[in-house]
Every structure is written in structure tokens, then in C-alpha cells.
Amino acid sequence: MSERSSDRGTALLVLEDGYVLRGRSYGATGRTVGEIVFNTGMTGYQETLTDPSYHRQIVVQTAPHIGNTGVNDEDPESSRIWVAGYVVREPARRASSWRSRRELEDELVNQDVVGLCEVDTRALTRHLRERGAMRAGIFSGDALPAGADDAGGPSAAAVQICLEAVRSAPQMAGAALAAEVTTPQGYVVEPSGEFAGREPVAVVAAIDLGIKNRTPWQLAERGVRVHVLPQSTTLDQVLALHPDGVFFSNGPGDPGTADREVELLRGVLDAGLPFFGICLGNQVFGRALGYGTYKLGYGHRGVNQPVLDRATGKVEITAHNHGFAVDAPVEEPSLAPYDGGRYGRVEVSHVGLNDGVVEGLRALDLPAFSVQYHPEAAAGPHDGEHLFDRFVRLMKEAR
């Protein structure tokens, strides 16, 4: 049993609309603020925590029991935990998996991630579904205001102190965050598996806007050499690699701020290079074509989202992590608005079946496509992995 489980101090969760939950501290103690969102995945909490797309977000796990399988060294999606805070209902007393190397709570403490447990995450999730994602804060330990632990609940004065801290935090709308999570310098992922040691079948320039480890791995196991490049990479630097294709990754923040990335992608499209984008990469693609983007009420975050592939008529169960979406005509192809239709016709290739949100774009007159969800997802599902094969075929055809 974790030594902390029997000696947890009080912790407060305060949302910017005044909603308050009192629970117990989990992970590090202190104060953290960010946009609070919920994730519906029943598994994969380690991948969620280490996904750079969750930068500056407090994540609520709807699965009631978290920490069962501990933490290992194989499943992280990046080199660190990125969430701003973590909210769970019932933390596991101890890890139980042959792959576990450490307890989850120890990892949260070691990386100074402030969390909260023993709260009704179902009620909290329903509140967020009704009111939308918003700013929130977790307060524990020395950051807990006087009166927060009163027998009858936190005092009005204590709540007000927390509210002031929450409401002074920046909102996610208007936040440019890709530069904060990108790799500081480029690196290369060579072909792997049966292609290891052989000449690559293609060379890809992958712009890291918050890329996950599994993405270049997916390409490498298909024989692709992947140059993972910083968000600040210029078009000349991309072209100097003589790539067969260009990839834009997932990442955090508001796509409406991604002007630099949009201009880079327009240069890629003008050069005629095949393009594939995921998540934030999909939103940047939409903007480059001249469509708008908008903030969803509470977003899509989980590993169980049904998406219709309109070309095949198949429904794929997919992993999502996004709070913004592309605003493009869904019913039929449209002329891309940018520069009088410079990039030709575009169709919405994928649609979310829960709410009709645009989940993919395909240019009909250019070798370019994107999806809003995560086909590289770990721990799964893997219904969308075929899109990496499609990208490889597109690059071969473009030669």
C-alpha cells in the first residue's frame, strides 16, 4: 500500500464558475491552474499524462480507478508528464502489472504534478458537459487557503482566494503553445523492423507541434526515414532535406494562433509536396486552405470515439484529444477559400458520429490530407493506422 494513501491532506478543486469540490491530495501538493477537461479512456493513463497536447490542462479521468498498472519505461508518449493537474476518483493502492517499474503517484510527485482524488468525477464530468471546459485550479498543502478545511466545507473567503487565482490564469482560446512543447533541435528516426538497415522507402519532414513518440515509430516501421523538426523550422530548411512528404503533428493550444505554421504549410503545398496532418496538424491544414476553426464546448478526449470514413462507409473507433475543430462544409466538396481557390477542391473525409464535427480533410487537387483524431494512438484503438500506409502510397505516387 502506498504510504500516502493513509495520510492525505485536504485538497480543493475550484472552477472559474464557482463550482467547488473538496477531496484529498494526490501526487504533489501545491497550486496548479489550467483548463479543466475530461478524458473518457478506460486505459492508457500513462499515455495521456505524457501527451504534449495536454499542456496547461487539468485532466479529469472518468474511469473511476487509476494507477492499477503503475508506470513503465516503454509507454510514455514523450520524455515527461505534460498535464497541469490530475483529478481521479479512486487511486490504486498499489500497482499490479509485470511491466510496472514505479507507482503512478510517485511519478506525479517526482515531476511535481499537483493532483486531487476522492472526489465525484462523474458529477464533475457532467458539470463540464453542461457548462463546457473552463479554467480551474487545484490547491493543497501550503497553497491551501485558511478556512479551506473547515468542518462544514471551505469558507467563502477560502473559495474566493482560489477563484481569484483561477480567473487570473490565461484562457486556452488564444493560447499559442506549440513552441513550448516542440523539440529544441531536430533528430532522425531511421527505418525499423524489416526495413532496418535498408534504404528508406521515403523521407519525411515531420514538424513537431507536440508530437508523440509513436508517430515517427509508425512511419519508421513502414520503411520511412523521419526527420523530426522544431516548430520554428522554415520552408527552406524543410526543402533542404529533399523530403518525399511533410507531416504536421498533434499539439496543444488554439489553432487560430498558428500563423507561422499556416504559412509554412502553404509553402509546402505550393511546392507540391505530399502532406499528412494529425490533430493540430489537421486544424493548421484547414486554416492553410482558408477555412476557419472554432473552440468546442468541452472537446473530444478519449479512446472510444466513433468516426465515419466517408470514402469507405466504415465506422472507425478512434482516439481523440482536441478542444478545437475545423469549420468546413460537410455535405459536399467545396473550393478552398484561400486566395480565390488557389488549392482547388476539398472534401470533408471523416465526420464524428457523436456530434457531426469535421474529423478529416482531403484535398482533391493536391496530394494532401489530414485527420483530427489520432491514428497512431497508444494504447489504442488502431482502426486508423492504415492512414500511415496511405501517406506512404501518396509519396510513392507523387514521385
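In which sense do strand 4 and strand 6 pair, and over how many bridges? I looked this up first and found that strand 4 (residues 57–61) and strand 6 (residues 85–87) pair in the parallel sense over three bridges, where pairing requires that DSSP finds at least two bridges between two strands. In strand 6, I noted Tyr-86 as the bridge partner of Val-59.

I kept in mind that this is a predicted model, in which local features need pLDDT of at least 70 and side-chain atom pairs count only at pLDDT 80 or more, while totals for chains, interfaces and linings use all residues. Residues are numbered from 1 along each chain as its sequence is written, and side-chain values use heavy atoms, with hydrogens and water left out.

Next I followed the sheet, a closed barrel of seven strands that runs 1-2-8-6-4-3-9 with mixed pairing. Helices (H or I, at least four residues) and strands (E, at least two) are DSSP runs, numbered from the N terminus.

I then turned to helix 3 (residues 121–131), whose buried residues are Thr-121, Leu-124, Thr-125, His-127 and Leu-128, buried being under 20% relative accessible area and exposed over 50%, with a 1.4 Å probe and protein chains only. These buried residues cover an arc of only 160° around the axis, taken from the directions from the helix axis to the C-beta atoms, which puts them on the same side of helix 3. On the other side of helix 3, I found Arg-122, Arg-126 and Glu-130 exposed.

Finally I checked what follows helix 3, and I noted Gly-132, whose phi is positive, near 90°.
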